[in-house]
Amino acid sequence: MLAMNYRGPYRVRADHMPEPRIEHPGDAIVRVTRSCICGSDLHLFHGLVPDTRVGSTFGHEFCGVVEEVGPAVRNLKVGDAVLVPFNIFCGTCWFCERELYSNCHNVNPEATAVGGIYGYSHTTGGYAGGQAERVRVPMADIGPTVIPEDISLDDAVLLTDAFPTGYQAAEMGDIRENDTVVVFGAGPVGIFAAKSAWLLGAGRVIVVDEVDYRLDFVRRFAHCETVNFRDVRDMAVHLKKMTDGLGPDVCIDAVGAEASGSALQRLTGVHLMLQAGAATVLHWAINSVRKGGTVSIVGVYGPTFNAVPIGNALNKGLTLRMNQASVKRHLPRLIEHVRAGRVKPSEVITHRIPLEHVADAYHIFSSKLDGCIKTVLTMPSAR
Ligand SMILES: NC(=O)c1ccc[n+]([C@@H]2O[C@H](COP(=O)([O-])OP(=O)(O)OC[C@H]3O[C@@H](n4cnc5c(N)ncnc54)[C@H](O)[C@@H]3O)[C@@H](O)[C@H]2O)c1
Ligand SMILES: [Zn+2]
Ligand SMILES: [Zn+2]
């Protein structure tokens, strides 16, 4: 089958790779119909995620059709159209019982902090990803959700990662009625976090980025205010001036380890790897948010450490919340929002690129060319 093949930093291509097969009785094989590239894939693509092995296939944001099921699978049958949350999880461990699916304890033999993720290096279990014609779906009774008939495939695929992650970012912000919420990052995750902030009762939403076409898009999509950080000298001062001097109630980091905006952070966090990514947005968020406020982090950082102003966070009495999203937990509510027409997730899709041209797709998304926000890779078998 055709699949994305990682050859080293900044080098990916489509190759003929071995077909996945049922390895455990609870597995299914899914023929992929839509597969996106996520901002998290860029961290892999740029060679920043430990233990990303040459020859691996990325892709954790996909939907498809069940082609084969193992003998123990009860909830899925051949022919079902499914959306597959990016987390792989068992559904029964201490963490899954508390709906912390991204922290499942039974699916990642390589690390204890994070659970399993499709196509996301051996640090998250070494599972093959969905930027391929077919993919093995472990614990198939637990993760996948049959796509309701009234939800389009383009909307469904965005329910596997970008929308639920943005929603969880807003939820972890503990937004109260009329709160002012600042979202750093106008990529798909930040865009959905801004939209979700309104759903959770925000009174004002401000999105910060440096890419004007993304700021234009989020203003239209989420009816928010925007700030281009290239126009701002001091982010904390600027945001406080915008918010009666006290600062926003909630700050959301939807950027993560590859943030731009500080030469020192880029040097120490990205180029020299002296910390687990540039902590620029962590500084901006902690220093901007009002005393007693909440900083919610979904932007991804590496497993070692970052130099962050923890003393400021302590003295300001902040609540810091963060996690990989637990997608499945949010699906019932988000499907209702899509049905009710409050959110049309597929509006963020700007590009459809054949899997054969996966190298171009990564280049366009990574370099923010051609107005790119979200790319769907299309499979030869689904055209
Ligand atoms: N926690 C999770 O479960 C989860 C899930 C999906 C994605 N993520 C992470 O969320 C982050 C965003 O994902 P995405 O798909 O939207 O990625 P993306 O790369 O499309 O978007 C990131 C945006 O941040 C902007 N940016 C860079 N530096 C900034 C700064 N200092 N301030 C404000 N904006 C800045 C970029 O211009 C870009 O528009 C990534 O780190 C990704 O790994 C986490
Ligand atoms: Zn992702
Ligand atoms: Zn579990």
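# A walk through a two-domain model

Start by selecting Asp-174, which is partly exposed because 15 other C-beta atoms lie within 10 Å; a residue needs 20 or more to count as buried and 12 or fewer to count as exposed. Keep in mind that you're looking at a predicted model. Asp-174 sits in the loop between helix H4 (162-172) and strand S10 (180-184). Check its backbone: phi is near 50°, a positive value in a residue that isn't glycine. Most residues other than glycine have a negative phi.

Next, jump to Ser-121, in the loop between strand S7 (116-117) and strand S8 (134-137). Buried or exposed? Ser-121 counts as buried, because 22 C-beta neighbours fall inside 10 Å. Its phi is positive too, near 75°.

**Two domains**

Now colour the chain by domain: domain 1 covers 2-161 + 327-382, and domain 2 covers 162-322. Their C-alpha centres are 26 Å apart. Where they meet, 27 residues of domain 1 are in contact with 22 residues of domain 2. On the domain 1 side, H1 and helix H11 (327-339) each supply at least two of the touching residues. That side is made up of 13 nonpolar, 8 polar and 6 charged residues.

**The ligand**

Show ligand 1 and the 33 residues around it. Which ones come nearest? Pick out Gly-39, Ser-40, Gly-187, Val-189 and Gly-256. Helix H1 (39-45), H5, S11 and helix H9 (280-288) are the elements that each give two or more residues to this shell. H1 makes the largest contribution, with 4 residues. Colour the shell by class and you'll get 16 nonpolar, 13 polar and 4 charged residues. Both domain 1 and domain 2 give residues to the shell, so ligand 1 lies between them.

**The nonpolar core**

Hide the ligand and go for the largest nonpolar core, which has 113 residues. The ones with the most contacts inside this core are Val-183, Phe-184, Ala-193, Ala-194, Val-205 and Ile-252. Both domains give residues to this core, so it lies between them as well.

Zoom in on Phe-184. Beyond residues up to four places away in sequence, Phe-184 touches a whole list of others, including Gly-190, Val-208, Ile-252, Val-281 and Trp-284.

**Around helix H6**

Select helix H6 (residues 212-222) and look down its axis. Which residues of H6 are buried? They are Arg-214, Phe-217, Val-218 and Ala-222. These cover an arc of only 95° around the axis, which puts them on the same side of H6. Here's the background: an α-helix has 3.6 residues a turn, so residues three or four places apart point the same way.

Turn to the face away from the buried side, and you'll find the exposed residues Asp-212 and Arg-220. Then turn back to see what covers the buried residues: helix H5 (188-199), strand S11 (204-209) and strand S12 (225-228) are among the covering elements. Just past the end of H6, click His-223, which takes a positive phi of about 50°.

**Last stop**

Finish at Val-54, in the loop between H1 and strand S4 (62-69). Val-54 is exposed, because its C-beta has 9 others within 10 Å. Leaving aside neighbours within four places in sequence, Val-54 is in contact with Tyr-6, Arg-7 and Gly-8. Try drawing a distance from Val-54 to Arg-7: their C-alpha atoms are separated by 5.0 Å, although the two residues are 47 apart along the chain.

Note on methods
Residues numbered from 1 in each chain as written. Chains lettered and ligands numbered in written order. Predicted model: local features only at pLDDT ≥ 70, side-chain atom pairs only at ≥ 80, totals over all residues. Arc of directions from axis to C-beta. Contact = placed C-beta atoms within 7 Å. Near = placed C-beta within 6 Å. Nonpolar A, V, L, I, M, F, W, Y, C, P; charged D, E, K, R; others polar. Domains from an automatic or database assignment. Core = buried A, V, L, I, M, F, W, Y, C linked by C-beta atoms within 7 Å.
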